[in-house]
Amino acid sequence: MTLFTIKRNLESRMLGNSHVRFGVGGGVQLPALHHGTNDPTAHAEIVAIRRASAKLGRFDLSDCTLYSTCEPCPMCLSAIHRAGIRTLYFGADRHDAAGGGFDDEFIYQLMEGTADSPLLRPVIVDREECADLFNEWNAKSDRTMY
Ligand SMILES: [Zn+2]
């Protein structure tokens, strides 16, 4: 079964300006579409990871496989790594997505350190006090790593 066939079987479709993708987790098919909410983080991969984590009751999704009709954007790729997902199938690549108006090249450049954001100006404040929260975290005997 191809990604396109799975997508068609799930009756995926373009919803307004939303980019439609889906994921599968833990042996249970969990279709996840970008639902057209105003949540800029509600990409289908993120929705699929949230649903799979809730369904399976754990952070670790290393035994899950994620299928997407498009190469995950940098945010979703980070979430996929955070979830420990080891197998990812995707169809269209980032260049195809850029052609559809979903160009993340600037984000890739930010991550590589080859560009500066004209919109975001990070300001570090209270670093020592905030960093001390990690000491509290490390001292906890009942912490759950994720
Ligand atoms: Zn994404």
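**Notebook: helix α3 and its surroundings**

**Entry 1. Ile-85.** I began with Ile-85, which I located in the loop between α3 and β4. The model I am reading is a predicted one. I asked whether Ile-85 is buried or exposed. I found 22 C-beta neighbours inside 10 Å, and 20 or more are required, so I entered Ile-85 as buried. I then looked up its partners, leaving aside neighbours within four places in sequence. Ile-85 is in contact with Leu-61, Ser-62, Cys-64, Leu-66 and Ile-80. For Leu-61, I noted a sequence separation of 24 residues from Ile-85 and a C-alpha separation of 5.4 Å.

**Entry 2. Helix α3.** I turned next to the helix that precedes this loop. Helix α3 covers residues 74-82, and I recorded Cys-76, Ala-79 and Ile-80 as buried within it. Looking down the axis of α3, I saw that these buried residues fall within an arc of 105 degrees, so they line one face of the helix. The general rule I had in mind is that an α-helix has 3.6 residues a turn, so residues three or four places apart point the same way. On the other side of α3, I listed His-81 and Arg-82 as exposed.

I then asked which elements the buried residues of α3 pack against. They pack against α2 (44-56), β3 (65-70) and β4 (87-92). After the helix I noted Gly-84, which has a positive phi, near 75 degrees.

**Entry 3. α2 against α3.** I looked up the geometry of this helix pair. The two helices pack at an angle of about 25 degrees, and their axes are 9 Å apart. Angles under 35 degrees count as roughly parallel, and I therefore described α2 and α3 in that way. Their crossing is left-handed.

I also asked which residues of α2 meet α3. From α2 I listed Glu-45, Ile-46 and Ile-49, and these meet Cys-76, Ala-79 and Ile-80 of α3. By class, I counted 5 nonpolar residues, no polar ones and 1 charged residue in this contact. The α3 residues in this contact, Cys-76, Ala-79 and Ile-80, are those I had already entered as buried.

**Entry 4. Tyr-89.** I moved on to strand β4, where I found Tyr-89. I counted 14 C-beta neighbours inside 10 Å for Tyr-89, and I therefore classed this residue as partly exposed. I also checked its distance to Tyr-67. The two tyrosines are 22 residues apart in sequence, yet I read 4.7 Å between their C-alpha atoms.

**Entry 5. Asp-126.** I looked for positive phi values outside glycine and recorded Asp-126, with phi near 50 degrees. I placed Asp-126 in the loop between α5 (105-112) and α6 (127-139). Because Asp-126 has 8 C-beta neighbours inside 10 Å, I entered this residue as exposed.

**Entry 6. The chain as a whole.** I closed with the overall layout. I counted 6 helices and 4 strands. Along the sequence, I read the pattern α-β-β-α-β-α-β-α-α-α. What share of the chain is buried? Of its 146 residues, I found 23% to be buried. I also looked up the contacts with a separation of 6 or more, and 43% of these are accounted for by residues 24 or more positions apart.

Technical notes
Residues numbered from 1 in each chain as written. Predicted model: local features only at pLDDT ≥ 70, side-chain atom pairs only at ≥ 80, totals over all residues. Buried ≥ 20, exposed ≤ 12 C-beta atoms within 10 Å, placed from the backbone. Arc of directions from axis to C-beta. Contact = placed C-beta atoms within 7 Å. Axes fitted to C-alpha atoms, helices over the stretch in contact; angles between N-to-C directions. Parallel < 35°, antiparallel > 145°, perpendicular 65-115°, else oblique. Left-handed = near helix turned anticlockwise from the far one by under 90°. Nonpolar A, V, L, I, M, F, W, Y, C, P; charged D, E, K, R; others polar.
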